[in-house]
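Got your viewer ready? Here's a short walk through this one, with a suggestion of what to select at each stop.

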Amino acid sequence: MLEVKQIEPERTYLLRHQVLRPNQSILQCQYPNDFQQGSFHLGAYLDGELISIASFYPEKHQAFSDTRQYRLRGMATLEAYRNQKAGTALIQKGESLMREKSASLWWCNARTTVSDYYLKMGMDFEGEVFDIEPIGPHRLMYKRLG
């Protein structure tokens, strides 16, 4: 059975490295806002194994006027466990916690290869495709909480 719970930032680093940044060092998988006040990190566990992670930070993007914004960063699921709704469960729990924190919008820089997934989660595009070196093309995506 899938269980989603809040985890310490350090618990995200290995999956970030394995799934998102295999060509970078583990130190580059530690993000500046990991320990920022208001940030939270979620892990999805299947039979006690951490299979998916997501980090949420209170961070304003200049494209949006909302004052209470959150950013999703570093969402990753082990390849062997994709299509088991772990990511969906993380997003749903994250949205619930963001609402508790009075956020009105959350956003992310989504890799273009997974933007369809975020569209299915109710997100919209803002702006054009842009490149993040050395990772590749991304789209700014957002969802209003209401």
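Which residues does F56 touch, leaving out those up to four places away in sequence? Select F56 in this predicted model and show its contacts: G38, S39, F40 and L42 are there, along with Y70, R71 and L72, and then L90, G94 and M98.

Next, widen the selection to the largest nonpolar core, which has 24 residues. F56 is among the members that touch the most others, together with L72, M98, W106 and Y118. Now colour by element: β2 (40-46), β3 (49-58), β4 (69-77), α2 (86-100) and β5 (105-111) each put at least two residues into this core. Pause on α2, the top contributor with five.

There's a second core to pick out, separate from that one: its ten residues include I7, L20, Y57 and L78. As a general backdrop, nonpolar side chains tend to be buried together in soluble globular proteins.

Time to zoom out and switch to cartoon. You should find three helices and seven strands, running β-α-β-β-β-α-β-α-β-β along the sequence. The radius of gyration is 14 Å, close to the 15 Å from the globule rule for 146 residues, so the chain is as compact as a globular protein of that length. Draw a box along the principal axes, and the C-alpha atoms fill roughly 40 × 35 × 30 Å.

Finish with the surface on. About 8000 Å² is exposed, with carbon and sulfur atoms supplying 47% of it. Colour the charges last: 18 positive and 17 negative side chains, the centres of the two sets lying 3 Å apart.

How values were computed. Residues numbered from 1 in each chain as written. Predicted model: local features only at pLDDT ≥ 70, side-chain atom pairs only at ≥ 80, totals over all residues. Heavy atoms only, no water. Helix = DSSP H or I, 4+ residues; strand = E, 2+ residues; numbered from the N terminus. Rg over C-alpha atoms; globule rule 2.2 N^0.38 Å. Areas by Shrake-Rupley, 256 points an atom, 1.4 Å probe, with all protein chains shown as cover. Lys, Arg positive; Asp, Glu negative; His and termini not counted. Charge placed at Lys NZ, Arg CZ, Asp CG, Glu CD. Core = buried A, V, L, I, M, F, W, Y, C linked by side-chain atoms within 4.5 Å. Buried < 20%, exposed > 50% of the residue type's maximum accessible area, 1.4 Å probe, protein only. Contact = heavy atoms within 4.5 Å.
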